Amino acid sequence: MEMRLDKYLLLNWKRVVPITVVWVFSVLLHNLIDGLFYAHFSRTGGDEALFFILAVLVIPLYCVISLIYTAARVVRRYRR
């Protein structure tokens, strides 16, 4: 079980850079789609929420959980 968690939650530079790129890409896509379809969204009263939710909730939550997991692994390794 621990090896599977390491695969998804253990942070390193090879994982931090893509996370940052995906976050910036999500913010840009949200603003781009909102700007391009402003007339449609203002007429229907809706908004494009997928990339906003990714950028504001999902990616930061994943980063916080991964940071806590990585810190716990480092502390556990040094205590042995």
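**Briefing: a four-helix predicted model**

The mean positions of the 10 positive and 5 negative charges of the protein lie 17 Å apart; Lys and Arg count as positive, Asp and Glu as negative, with His and the chain ends not counted, and each charge is placed at NZ of Lys, CZ of Arg, CG of Asp or CD of Glu. The model is predicted: local features need pLDDT of at least 70, side-chain atom pairs count only at pLDDT 80 or more, and totals for chains, interfaces and linings use all residues. Residues are numbered from 1 along each chain as its sequence is written, and side-chain values use heavy atoms, with hydrogens and water left out.

**Fold and dimensions**
- The protein has four helices and zero strands, in the order α-α-α-α from the N terminus (DSSP runs, H or I of at least four residues for helices, E of at least two for strands).
- Its radius of gyration is 18 Å, against near 12 Å for a compact globule of 80 residues (C-alpha atoms; the rule is 2.2 Å times the number of residues to the power 0.38).
- Along the principal axes, the C-alpha atoms fill a box of roughly 60 × 20 × 15 Å.

**Surface and contacts**
- About 6,500 Å² is exposed, 73% of it from carbon and sulfur atoms (Shrake-Rupley method, 1.4 Å probe).
- Of the 80 residues, 20% count as buried (under 20% relative accessible area, 1.4 Å probe, protein chains only).
- Of contacts (heavy atoms within 4.5 Å) between residues at least 6 apart in sequence, 64% join residues at least 24 apart.

**Residue S26**
- S26 lies in helix α2, residues 13-36, and is buried at a relative accessible area of 3%.
- Leaving out residues up to four places away in sequence, S26 touches F51, L54, A55 and I59.

Key
Buried < 20%, exposed > 50% of the residue type's maximum accessible area, 1.4 Å probe, protein only.
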